Amino acid sequence: MFFVVACSHTRFFFIPLHHKLFYPISRMKRTFPSRIGIGDIVFVVCLIALTIYMMWSGGGLAIALSLLLVVLVVERTIHTEYSIDSHQLVVHYGRFGRDRTVNLDSICRVERIRRLRLGHRTLMTFLVVVCNDGTELSIRPRDEEDFVETLTKYVRNLQHDTTSHNEET
């Protein structure tokens, strides 16, 4: 049995932890933030320049629309995150975007795509999650290697659980 020592000012408390509190990997949830690239920054700067130009030239509706577009793009760029839990991959596109969910059972492969090469340097990389039904999901996690490792662990764990469950029945 494990114990945790909790300190409250000068008193120490020993709290017994039950073994059920240590969840297996199938119950854990991992979240990965999105990577912000040079292209995203250039796009936001261009939108801000367009907004400043609209403010300078006038036109209330154009100013309002360009400000709204800047807010939406910045919000989506900053708050996009990828969550992996026991049964699905959830792509959360910020507060104003719709979430996209992919079951881990349907993932057949993950590919790394490298675009916009300048000499030997790649300017843009992203991952493509390919499902059994042919749908593809393009994602850009900040730490691609850790994301692929975690996704592989969850898929293997899910396959192991389903095969062990099928053998029991």
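This briefing covers pockets, a strand hairpin and aromatic contacts. The model is predicted. Its largest pocket holds about 310 Å³ of space, and the second largest has a volume of about 220 Å³. The structure has three aromatic pairs.

**Largest pocket**

- The lining consists of R35, G37, I38, G39, D40, L116, R121, T122, L123, M124, T125 and R140.
- Two elements, α1 (38–57) and β8 (121–131), each supply at least two lining residues.
- Strand β8 gives the most, with five residues.
- By class, the lining splits into four nonpolar, four polar and four charged residues.

**Second largest pocket**

- Thirteen residues line this pocket, and S34, R76, T80, Y93 and R140 lie nearest its centre.
- Two or more lining residues come from each of α2 (60–79), β4 (80–84) and β9 (136–139).
- Helix α2 provides the largest share, three residues.
- The class count here is five nonpolar, four polar and four charged.
- R140 is named in the lining of the largest pocket and also among the residues nearest the centre of the second largest.
- R76 and Y93, both among the residues nearest the centre of this pocket, also contact each other: the charged end of R76 sits over the ring of Y93, 4.3 Å from its centre.

**Hairpin of β5 and β6**

- Strands β5 (residues 88–93) and β6 (residues 100–103) run antiparallel and are joined by four bridges.
- L89 has V102 in β6 as its bridge partner.
- Six residues lie between the two strands, and G94 takes a positive phi near 90° in this hairpin.

**Aromatic pairs**

- Among the three aromatic pairs, Y53 and W56 are edge-to-face, with 6.4 Å centre to centre and 70° between the planes.
- Y53 and W56 are three residues apart in helix α1, so about one helical turn separates them.
- Y53 has a relative accessible area of 48%, so it is partly exposed.
- W56 is exposed, because its relative accessible area is 72% and the cut-off for exposed is over 50%.
- Y82 and F147 form another edge-to-face pair, with 6.3 Å centre to centre and 65° between the planes.
- That pair links distant parts of the chain: Y82 is in strand β4 and F147 in helix α3 (residues 144–168), 65 residues apart.
- Y82 counts as buried at 4% relative accessibility, and F147 counts as buried at 0%.
- F32 joins Y82 and F147 in one aromatic cluster.

Technical notes. Residues are numbered from 1 along each chain as its sequence is written. This is a predicted model: local features need pLDDT of at least 70, side-chain atom pairs count only at pLDDT 80 or more; totals for chains, interfaces and linings use all residues. Side-chain values use heavy atoms; hydrogens and water are left out. On a 1 Å grid over the protein atoms alone, a cavity is a set of points where a 1.4 Å probe fits but cannot get out, and a pocket is an open set with protein on both sides within 12 Å along at least five of seven lines; lining residues have an atom within 4 Å of a point. Grid points are joined across faces, edges and corners, and a volume is the space filled by probe spheres set on the points. Ala, Val, Leu, Ile, Met, Phe, Trp, Tyr, Cys and Pro count as nonpolar, Asp, Glu, Lys and Arg as charged, and the others, Gly among them, as polar. Two strands pair if DSSP finds at least two bridges between them. Rings of Phe, Tyr and Trp (its six-membered ring) pair if their centres lie within 6.5 Å; planes under 30 degrees apart count as stacked, over 60 as edge-to-face and the rest as tilted. Buried means under 20% relative accessible area, exposed over 50%, partly exposed in between (1.4 Å probe, protein chains only). A charge sits over a ring if NZ of Lys or CZ of Arg is within 6 Å of the ring centre and within 35 degrees of the ring normal.
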